[in-house]
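Colleague: I'm new to reading structures, and I'd love to go through the charged side chains with you. Shall we take it step by step?

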Amino acid sequence: MHQQSATLLSQFKQWIRGVEGRGAFEQQRDDAARKSYVFRVILLGIIPLSIVATLYVFSSRVLLHQREATPSLWLMGSVDAMLFFLFRKSYVQHGKYARRTFVLMTFFLALYTSIVWGVNVPMSILSYGLAITFAGILLDTSWALMLVAGTIVSIFFIFHLQDKDMMAVHSSWKLSNTGFMDILIYSGVLGIIGITTWLSNREIEHTARQRNIYADELQKERDWLEIKVRKRTQELEKTNTSLQRAYIEFQRIQKEKFVEVNNLAALGKITTGLIHDIANPLTYAAAANEIRQKRSIKTVREGLHEIA
């Protein structure tokens with residue numbers, strides 16, 4: 001049972017993270033994947049609260065006829081539908097445009113609150129703070145700075161209009177005493193800000209740990225490659241030294257063979273000359289001897305002929 005619960009919880013986390021967040025974040029997409037994951041978690045927490053708030057507004061306006069103290073039903077229904085739509089679109093391109101739409105929607109809801117019930121209502125200030133917090137966590141600091149500037153300008157402008165009685169304000173929240181529901185709403189907004197900040201910081205720390213793990217693995221790979229390259233370099237140096245020695249030995253042997261061949265060639269020339277010098281007198285002596293023998297035989301024959 002415990003193992004099945006752990007498996008379901010793991011599958012739920014993977015579903016919330018989306019395709020881009022399964023496993024370790026890729027280094028080039030980790031920031032967008034982290035923001036997309038935080039955005040989906042925020043939506044999963046806000047959607048039930050928004051539905052409960054819609055039911056509360058419905059009961060207050062329809063059953064209790066408290067129309068000034070609550071927003072309109074069409075606004076609450078539109079917010080609920082938009083939240084479901086943004087959750088569905090949060091899986092497209094890491095929820096880039098969905099996150100921007102959500103931050104702007106939160107800011108305009110804060111504007112609506114300050115226009116309808118006044119800029120000095122605590123809920124109005126908390127809504128502006130919530131929009132700025134979402135901009136800094138789900139988008140970037142530039143968006144947060146723009147919303148801060150927009151909030152300051154909006155507060156001063158709306159306050160001026162309301163102070164000059166140029167804009168009608170529902171004073172029900174100002175005149176009525178702070179009740180349990182008001183405290184619950186304020187606590188909920190502050191809780192959303194705190195949980196969002198904590199969740200974002202946790203994901204940042206998770207990403208930092210993943211990067212440290214990647215850095216350690218890369219360092220190990222680099223050290224291993226350096227050791228392998230060093231060994232290979234030493235082997236190549238040894239091979240190069242052996243080849244140089246073999247080449248030097250080959251040159252020495254080749255030089256010795258060349259000297260030996262030259263010596264043999266010189267010896268052959270000398271031997272050929274000696275043979276030629278010795279053969280000529282011998283040939284002459286043999287020829288002379290043959291002529292002498294022929295003359296002797298002829299002389300003997302002539303003597304024998306005369307005797308006969």
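Colleague: How many salt bridges does a search of the whole structure find?
Modeller: Good place to start! Keep in mind that this is a predicted model. To count here, a side-chain nitrogen of Lys or Arg has to lie within 4 Å of a carboxyl oxygen of Asp or Glu. Searching the whole structure on that basis, the number of salt bridges found is three.

Colleague: Which residue forms a salt bridge with Glu 235?
Modeller: Look along helix H8, which covers residues 180-307. The partner sits three residues away in that helix, so about one helical turn separates the two. Their closest N and O atoms are 3.4 Å apart, and the partner is Arg 232.

Colleague: Is Glu 235 buried, partly exposed or exposed?
Modeller: Buried would need a relative accessible area under 20%, and exposed one over 50%. Glu 235 has 42%, so the word for Glu 235 is partly exposed.

Colleague: What is the distance between the closest N and O atoms of Arg 252 and Glu 249?
Modeller: These two are three residues apart in helix H8, so they are separated by about one helical turn. They form a salt bridge, and the closest N and O atoms are apart by 2.1 Å.

Colleague: Which residues do salt bridges that share partners join into one network?
Modeller: Arg 252 forms a salt bridge with Glu 249. The side chain of Arg 252 also meets that of Glu 256 in a salt bridge, at 2.6 Å from N to O. Because salt bridges that share partners link up, the one network joins Glu 249, Arg 252 and Glu 256.

Definitions and conventions:
Residues numbered from 1 in each chain as written. Predicted model: local features only at pLDDT ≥ 70, side-chain atom pairs only at ≥ 80, totals over all residues. Heavy atoms only, no water. Helix = DSSP H or I, 4+ residues; strand = E, 2+ residues; numbered from the N terminus. Buried < 20%, exposed > 50% of the residue type's maximum accessible area, 1.4 Å probe, protein only.
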